[in-house]
Amino acid sequence: IRDQPRSRGLGDVYKRQIISVLTSESGQNTIFKLKVAGGSEDNVMIFDVQIDPITHRLIHADLVRIALDVEIEVSVPLQLVGEATGVIEDGGVLDHSLRELLVSCFPTNIPESIDVDVSELQMNQSIKVEDLAVPASVTVVTASDSSVASVVPPVSEADLEADLGLE
């Protein structure tokens, strides 16, 4: 949907609807119906959006028609849950290195997010994609050995300066 100033505000109505979908719990993975004038009503998802970097307003949105009986690949956000033991007891730093998981599933089975429990994570340990609990209706596409989160020792200021070549 492109903003067309001659449409007498119709573009703004579509923009508000797209923003409403993007800010919903399922976000860009929301399936909704779109009826094109003189055409049929189809299930669609937001494929891509362009946001103005200055005003943060929606400039453009690409939609893709979705067949509910065909598996698709989508990115699902990973949500860290709990506080890592290695952070609390040993003063480590939690490194959240993977924020989305690429999965394949039917459109009606797309999870809003996947929880990652980090509460048992000790110093120098990590959680990999293969360790995640995903719904049975979802197939993970992301490499299974990819690190999702880890607890690492904090870097001292002296070490940081040495790594950066500062005195």
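Which strand does Asn43 lie in? Select Asn43 in this predicted model: the residue lies in strand S2, which covers residues 41–51.

**Stop 1: Asn43**

Keep Asn43 selected and show its side chain. Asn43 has a relative accessible area of 17% and therefore counts as buried, since the cut-off for buried is under 20%. Now add Lys33 to the selection. The side chains of Lys33 and Asn43 are joined by a polar contact of 3.1 Å.

**Stop 2: the largest pocket**

Next, select Gln28, Asn29, Ile46, Val74 and Ser75. Of the 17 residues lining the largest pocket, these are the closest to its centre. The space in this pocket is about 310 Å³. Which strands each supply at least two residues of the lining? Strands S2 and S4 do. S4 gives the largest share, with five residues. Sorted by class, the lining consists of eight nonpolar, five polar and four charged residues.

**Stop 3: from S4 to S7**

Stay with S4 and select residues 72–81. Then add strand S7, residues 114–117. S4 and S7 run parallel and are joined by four bridges. To find one of the bridges, select Val81 together with Asp117 in S7, its bridge partner.

Turn next to the side chains of S7. Which residues of S7 form the covered face, and which the uncovered one? Ile114 and Val116 make up the covered face, while Asp115 and Asp117 make up the uncovered face. In a regular strand, side chains alternate between the two faces of the sheet. Asp117 has thus come up twice on this stop: as the bridge partner of Val81 and as part of the uncovered face of S7.

**Stop 4: an open sheet of three strands**

Clear the selection and pick strands S5, S10 and S8. They form an open sheet in the order S5-S10-S8, and the pairing is antiparallel. Which strands are at the edges? The edge strands are S5 (93–96) and S8 (126–128), each of which pairs on one side only. Neighbouring strands in this sheet are turned against each other by 10° on average, direction ignored.

Narrow the view to S8 and to S10, which spans residues 147–152. How many bridges link S8 and S10? The two strands pair in the antiparallel sense over three bridges. For the last selection, take Ser126 and Ser150: Ser150, in S10, is the bridge partner of Ser126.

Terms used:
Residues numbered from 1 in each chain as written. Predicted model: local features only at pLDDT ≥ 70, side-chain atom pairs only at ≥ 80, totals over all residues. Heavy atoms only, no water. Buried < 20%, exposed > 50% of the residue type's maximum accessible area, 1.4 Å probe, protein only. Pairing = 2+ DSSP bridges. Axes fitted to C-alpha atoms, helices over the stretch in contact; angles between N-to-C directions. 1 Å grid on protein atoms, 1.4 Å probe; cavity = no way out; pocket = protein on both sides within 12 Å on 5 of 7 lines; lining within 4 Å. Points joined across faces, edges and corners; volume = space filled by probe spheres on them. Nonpolar A, V, L, I, M, F, W, Y, C, P; charged D, E, K, R; others polar. Polar contact = N/O pair within 3.5 Å; in protein donor to acceptor, adjacent residues only side chain to side chain.
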